[in-house]
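Trainee: I have a model open and a list of terms I only half understand. Can we go through them one by one?

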Amino acid sequence: MKIPFLNFEPAHTLIRAEMEKAFLSVYDSHWYIMGKHLQKFEEEYATFNQTKYAIGMSNGLDALYLALKALGIGKGDEVIMPSNTFIATVMATSFTGATPVFVEPDPQTYLIDPSKIEEKISPNTKVIIPVHLYGQICAMDQVMDIARKHGLFVIEDNAQAHGAAYNGKLAGSFGDINATSFYPGKNLGALGDAGACTTDNPEFAESLRVFRNYGSNEKYVHKVEGHNMRLDELQAALLSVKLAKLDAWTEQRRKIAAQYDQVLSGIGDLILPKTADKATHVYHLYVVRTKHRAELQDFLQAKGVGTLIHYPTPPHLQQAYQHLGYKKGDFPIAEDLADTVVSLPIWPGLKESDITYIAACISEFFENV
Ligand SMILES: Cc1ncc(COP(=O)(O)O)c(C=O)c1O
């Protein structure tokens, strides 16, 4: 038995003909940057995400960075984010010159704990970035209330939660500007690097379009110093095909998660994911926790089951951020999560019998612990 952590084959086989058609449509258009395929995908994604505008970007990191730039964030500013996020949230912030300020996650949901945000707000705080980690949306009513009370911007990091909702409102539709990634393994994934910002604000949308295109919206006229952070026509066309399948794939992820919940309940010291109040989960990842993680990973590997850790080292302990002056013990919840989380295979096409096999392997492991 061989069950990889991630396998694109079943989903990609299903859409092969449509993807070929999309490729040829771009190929034969002889227009590869900033054309009709990008415009079409941006309109479709904005509709899907219930926002007025979607602005295609080169990747999720650049989308986060330009969201911060469009809000005027820079040196001397502080940006609040969870202490257990993926490094991109931190790097996008530090690239602007601003300082990342970490808030511990809720130990049940692994999402930023709103009750701990206010104590980290200083006169320099400008933005809160809630990160919808693993496919689950943060407590957005509380985050938005705190932001409004203190006059702060909100940028949702929605790289992992396309389609998740809080009180019926979609991830990526709450913040002033939101950023997402279409990295291949994401719930909506391109065949290369890709990302987007979403917003309801026409001025922010325009600013994002200008920043991503050399500071220009008119050929050879450069209003500001900009970047080359555009989403290309080919990825946009391929993403349009995949976007039409996203709801069905999300349903599959939810079914897989429900089966895992059932078959893994009560095994060893395993802690299973919990869906927060008023939130829906799109299971970008199915993350369990155990004190025996390393041994469990080795055991599953030997049985042909791939697993990964999201993420083994929290940002405050990364070498790249040594200069922030943090040490082990400063964010104990993030550190404990980093030591105990392990992600099991979850992808469209994963079969019921695969999950039964994985659960049997996990049971066998814990019988001998
Ligand atoms: C939470 C989060 N934020 C940001 C990113 C950055 O996206 P990208 O890899 O497209 O730069 C990712 C994914 O890699 C992510 O998981």
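Mentor: Start where the two domains meet. Across the interface of domain 1 and domain 2 the rule finds 17 residue pairs in polar contact, both residues at pLDDT 80 or more. A polar contact is a pair of N or O atoms within 3.5 Å; within protein, one must be able to donate a hydrogen and the other to accept it, and residues adjacent in sequence count only if both atoms are side-chain atoms.

Trainee: What do those pLDDT values have to do with it?

Mentor: This is a predicted model: local features need pLDDT of at least 70, side-chain atom pairs count only at pLDDT 80 or more, and totals for chains, interfaces and linings use all residues. Residues are numbered from 1 along each chain as its sequence is written, and side-chain values use heavy atoms, with hydrogens and water left out.

Trainee: Where do the domains begin and end?

Mentor: Domain 1 is 8-241 and domain 2 is 246-367. These bounds come from an automatic or database domain assignment. Their centres, taken over C-alpha atoms, are 24 Å apart. The contact (heavy atoms within 4.5 Å) takes 41 residues from domain 1 and 39 residues from domain 2.

Trainee: What makes Lys278 and Asp141 a salt bridge?

Mentor: The rule asks for a side-chain nitrogen of Lys or Arg within 4 Å of a carboxyl oxygen of Asp or Glu. The closest N and O atoms of Lys278 and Asp141 are 3.1 Å apart. That is within 4 Å, so the pair counts.

Trainee: How many salt bridges does the rule find across the interface of domain 1 and domain 2?

Mentor: It finds 1.

Trainee: How much area do domain 1 and domain 2 bury between them?

Mentor: About 3,400 Å², with 62% of it on carbon and sulfur atoms. Buried area is the accessible area (1.4 Å probe) that two parts lose on being put together, summed over both. In domain 1, Tyr110, Tyr134 and Asn187 lose the most area to domain 2, together 22% of what that side buries.

Trainee: What is notable about the phi of Tyr110?

Mentor: Tyr110 has a positive phi of about 70°, although it is not a glycine.

Trainee: Now the ligand. Why does Ser181 count as a polar contact of the ligand?

Mentor: A polar side-chain atom of Ser181 lies 2.7 Å from an oxygen atom of the ligand. The limit is 3.5 Å, so Ser181 qualifies. For Asp157, a polar side-chain atom lies 2.8 Å from a ligand nitrogen atom. Leu61 uses a backbone N or O atom, 2.9 Å from a ligand oxygen atom.

Trainee: Which peptide bond is cis?

Mentor: The one joining His310 and Tyr311, with omega about 10°.
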